[in-house]
Amino acid sequence: MDPIVYVSLGAALAAGLAGAASAFGVGIAGAAAAGAVAEDEKNFRNALILEGLPMTQSIYGLITLFLILMSAGITGGSFKFADPNNMDNIVKSAILFGAGLTVGLTGLSAIPQGIIAGAGIGAVAKNPKTFTREVIFAAMAETMAILGLVGALIMIATGVGL
């Protein structure tokens with residue numbers, strides 16, 4: 001397979017999967033937020049913060065997309081791995097694909113994070129003193145996405161270089 005295909009797929013998977021999962025997570029939490037705010041407008045600030053938590057996975061995907069494109073030279077206008085007969089180019093392109101796939105798959109954690117945040121919004125609407133605990137519960141799902149981003153950064157830095 002042509003190295004540009006690996007690089008393009010890696011970048012697309014990083015941003016696409018993580019972005020779609022963030023959209024689902026924010027949507028799930030947003031539905032709970034709408035109900036909580038309808039009950040009492042004082043719930044808006046806490047609901048907004050909890051609803052926004054699943055959005056971070058899309059940021060990780062976007063960062064990874066840019067790192068993949070930069071390390072492959074695509075953003076600079078000259079693709080570094082253009083020769084498909086050079087095995088080193090194929091390996092480096094496959095590493096970039098793997099980095100994108102890693103961030104994309106771990107970015108799926110935005111969906112359960114949205115579920116947790118949605119439940120937290122309901123809990124905070126009933127007892128505002130639980131806000132910090134609810135943020136911590138929702139942040140636990142974030143851990144997988146952070147580990148995926150760190151893994152991708154290590155793969156890109158050691159396998160291809162920035």
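Modeller: Let's start with a definition: a salt bridge is a side-chain nitrogen of Lys or Arg within 4 Å of a carboxyl oxygen of Asp or Glu. By that rule, this structure holds 1 salt bridge. The model is a predicted one, so local features need pLDDT of at least 70 and side-chain atom pairs count only at pLDDT 80 or more, while totals for chains, interfaces and linings use all residues. Residues are numbered from 1 along each chain as its sequence is written, and side-chain values use heavy atoms, leaving out hydrogens and water.

Biologist: Thanks! With which residue does lysine 92 form a salt bridge?

Modeller: The partner is aspartate 88, and the closest N and O atoms are 3.5 Å apart. Both residues belong to helix α4, where they sit 4 residues apart, about one turn of the helix.

Biologist: And how do I read a label like α4?

Modeller: Helices (H or I, at least four residues) and strands (E, at least two) are DSSP runs, numbered from the N terminus. Here the chain has 6 helices and 0 strands, giving the pattern α-α-α-α-α-α along the sequence. Its C-alpha atoms fill a box of roughly 65 × 20 × 20 Å along the principal axes.

Biologist: How do I read whether a side chain is covered?

Modeller: By relative accessible area: buried means under 20%, exposed over 50%, and partly exposed is in between (1.4 Å probe, protein chains only). Of the 162 residues of the chain, 40% count as buried. Back at the salt bridge, lysine 92 counts as partly exposed because its relative accessibility is 22%, and aspartate 88 is also partly exposed, at 41%.

Biologist: Which residue contacts does glutamine 57 have, leaving aside its neighbours within four places in sequence?

Modeller: Contact means heavy atoms within 4.5 Å. With those neighbours set aside, glutamine 57 touches Ala18, Ser22, Gly107, Ser109, Ala110, Gln113, Glu142 and Ala145. This glutamine is found in helix α3, and at 0% relative accessible area it is buried. For the chain as a whole, 81% of the contacts between residues at least 6 apart in sequence join residues at least 24 apart.

Biologist: Back to α4: what span should I expect of a helix?

Modeller: The expected span is 1.5 Å times one less than the number of residues. Helix α4 has 20 residues and reaches 28 Å from its first C-alpha to its last, close to the 28 Å expected. Its buried residues are Asn89, Ser93, Leu96, Gly98, Ala99, Gly100, Val103 and Gly104. Among the elements covering them are α1, α3 (56-71) and α6 (131-159).

Biologist: How should I read a pair of aromatic rings?

Modeller: A pair of aromatic rings is described by the distance of the centres and the angle of the planes. Rings of Phe, Tyr and Trp (its six-membered ring) pair if their centres lie within 6.5 Å; planes under 30 degrees apart count as stacked, over 60 as edge-to-face and the rest as tilted. This rule gives a count of 1 aromatic pair. Tyrosine 6 and phenylalanine 97 have ring centres 6.3 Å apart and planes at 65°, so they are edge-to-face. The pair links distant parts of the chain, 91 residues apart: tyrosine 6 is in helix α1 and phenylalanine 97 in helix α4 (residues 87-106). Tyrosine 6 is partly exposed at 22%, and phenylalanine 97 is partly exposed at 23%.

Biologist: Which residues make the nonpolar surface patch of about 390 Å²?

Modeller: Patches are made of residues with over 30% relative accessible area and no salt bridge, with like charges joined within 9 Å and nonpolar side chains (Val, Leu, Ile, Met, Phe, Trp, Tyr) within 5 Å. Accessible areas come from the Shrake-Rupley method with a 1.4 Å probe; for residues, only the protein chains shown count as cover. In this patch you'll find Met1, Ile4, Val5, Leu9 and Ile74. Isoleucine 4 lies in helix α1 (residues 3-39) and is partly exposed, at 31%. The chain exposes about 8,000 Å², of which carbon and sulfur atoms supply 72%.

Biologist: One last stop, helix α5: is alanine 119 buried or exposed?

Modeller: Alanine 119 is exposed, at 52%, and lies in helix α5 (residues 110-126). Its C-alpha is 41 Å from that of threonine 75, 44 residues away along the chain. Alanine 125, also found in helix α5, is 86 residues from glutamate 39 in sequence, yet their C-alpha atoms are 8.4 Å apart.
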